[in-house]
Amino acid sequence: MNGAWLTVLTRDLLQAYRRRSDIATTLFFFVIVSSLFPLGVGSDSAILSTIAPGVLWVAALLAGMISLSRLFAADFADGALEQMLLSPQPLSLLVSAKILAHWLVCGLPVVLLAPMIGLQYALPSEAIGILVVSLLLGTPALSLIGAIGAALTLGARGSGLLVALLVLPLYIPVLIFGSLAVSASQHGMSPQAHLSLLAAISLLAVVLAPLATAAALRISVE
Amino acid sequence: MLVAQGLACLRGDRLLFKNVGFELNAGGLLYVLGENGSGKSSLLRMLCGLLTPEEGAVFWNGKKIKEDAEQYLSNLTYLGHLNGLKDDLTALENLQTNARLAGVEASEQAAMAALTAIGIARCAYLPARVLSQGQKRRVALAGLWLANTSLWILDEPFAALDVASVEVLATRLGEHIAEGGMAILTTHQDVTVNAKHTQTLRLSK
């Protein structure tokens, strides 16, 4: 494995570990937003399980997004980004390590928490399984696409809100296929087509997003 | 050999400088002088390839730096105003990470030796967040003891350093140049670095 790639990954993970409160913020956000709906809508389990796929996916989108503005902002402010740009390694490779770290820290915990939240919505166990699989396939795409937005808005004033406006429309396909996969399994249909499409989006993003992010970072640093 | 030809820098709608050129050979030292805001840092960023020149080009061994970026970057060490240190990592971890990123496999011993050389070994296990401005600068500069690159571009390396550290750094720069390295510096301080060929480039409006 490439040394510089691993260095960036371990640095970001170590930082996240030393700043655990930042991770907790993202997770609590996901838990609280998705717990508000059962409280507001009432305890009718038929309604709850109908809205569950959409609500949980939207909560996961928003949770992933609030941490996006931090993805490159600190590196930009302390000069680490300049050093990454001047590393002899391809920038897109180093960027992919940062995105992976972001997903491990902000995406994966949401996937792991989802079954517990699913129980609040009276989802059957099979639908919960599909929910987890769909999140597992879809959340990498969220981190990858989000990184492009974070890189483009780097250094701009009010970048937190700007990144939401830029990135949320791009999340729509992931949201649609993710929630459709869960509702398909609730209605006894096969979720396979939706899951395949989710995986396809993620794979495409794995290839293209680091390149686009690297290009955007070069522009932002100028 | 680093050659700059006819560089011009436009920031917003202000022309900071134009027609800046120089030639730097092995064993050469270039001082970039000029008042605040005259574009010294922009020039250095341009030489690194972080900033695209409005006009002109920078050549490394006869090739444009963008053409063979990997080759150029593996010969380059740049230290700007920002130190590139992570607040939550210790001085030692920061130094090792930055060295690895630059392609140098720095063992803990080598990194400790570098920190000792610039006199902050006792801060090695402190997180960068608690270090003073001058100490942070020294952690970043300790990278120069690990670097295996030939061209060093340093923006105000002596700023925030105490007298003793200035001396140590000047000696290290002298060694690097004596070994056939090249250095480009900006500084407002009166520091003597021993070099065979010293040039001065003055940016003025």
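**Strands, helices and the contact between chains A and B**

Colleague: How many bridges pair E6(B) with strand E7 (residues 151–155) of chain B?

Modeller: Strands (E, at least two residues) and helices (H or I, at least four) are DSSP runs, numbered from the N terminus. Two strands pair if DSSP finds at least two bridges between them. E6(B) and E7(B) pair in the parallel sense, and B:Tyr78 has B:Ile153 as its bridge partner in E7(B). The number of bridges is four.

Colleague: What kind of model is this?

Modeller: Residues are numbered from 1 along each chain as its sequence is written, chains are lettered from A and ligands numbered from 1 in the order in which they are written. Local features need pLDDT of at least 70, side-chain atom pairs count only at pLDDT 80 or more, and totals for chains, interfaces and linings use all residues, the model being predicted.

Colleague: Which strands stand at the edges of the sheet that holds E6(B) and E7(B)?

Modeller: This open sheet of five strands has parallel pairing and the order E6-E7-E8-E3-E9 (chain B). Its twist averages 10 degrees from one strand to the next. Two strands have a single partner strand each, so one side of each is left without a neighbour in the sheet: E6 and E9 (197–202) of chain B.

Colleague: At what angle to E7(B) does helix H1 (residues 40–48) of chain B run?

Modeller: Axes are lines fitted to C-alpha atoms (for helices over the stretch in contact), and angles run from 0 to 180 degrees between N-to-C directions. H1(B) lies across E3 (28–33), E6, E7 and E8 (182–186) of chain B. Relative to E7(B), the angle is about 155 degrees.

Colleague: Which are the edge strands of the antiparallel sheet of chain B?

Modeller: Four strands make up this open sheet, in the order E2-E1-E4-E5 (chain B). Within it, E1 (residues 2–11) and E4 (residues 55–60) of chain B are joined by five bridges, and B:Ala4 has B:Val58 as its bridge partner in E4(B). Two strands pair on one side only: E2 (14–24) and E5 (63–64) of chain B.

Colleague: What is the radius of gyration of chain B?

Modeller: Chain B has six helices and nine strands, and its C-alpha atoms fill a box of roughly 45 × 35 × 30 Å along the principal axes. The globule rule is 2.2 Å times the number of residues to the power 0.38, and the radius is taken over C-alpha atoms. The rule gives 17 Å for 205 residues, so chain B is as compact as a globular protein of that length, with a radius of gyration of 17 Å.

Colleague: Which element gives the most to the side of chain B that touches chain A?

Modeller: Residues are in contact if their C-beta atoms, placed from the backbone, lie within 7 Å. The contact takes 24 residues from chain B and 20 from chain A. The elements of chain B that give two or more residues are H2 (69–73), E6 (76–79) and H3 (91–101). With four residues, the one that gives the most is H3(B).

Colleague: How are helices H7(A) and H8(A) directed to each other?

Modeller: H7 (residues 125–152) and H8 (residues 159–186) of chain A have axes 9 Å apart and pack at about 170 degrees. Angles under 35 degrees count as roughly parallel, over 145 as roughly antiparallel, 65 to 115 as roughly perpendicular and the rest as oblique. H7(A) and H8(A) are therefore roughly antiparallel.

Conventions
Contact = placed C-beta atoms within 7 Å.
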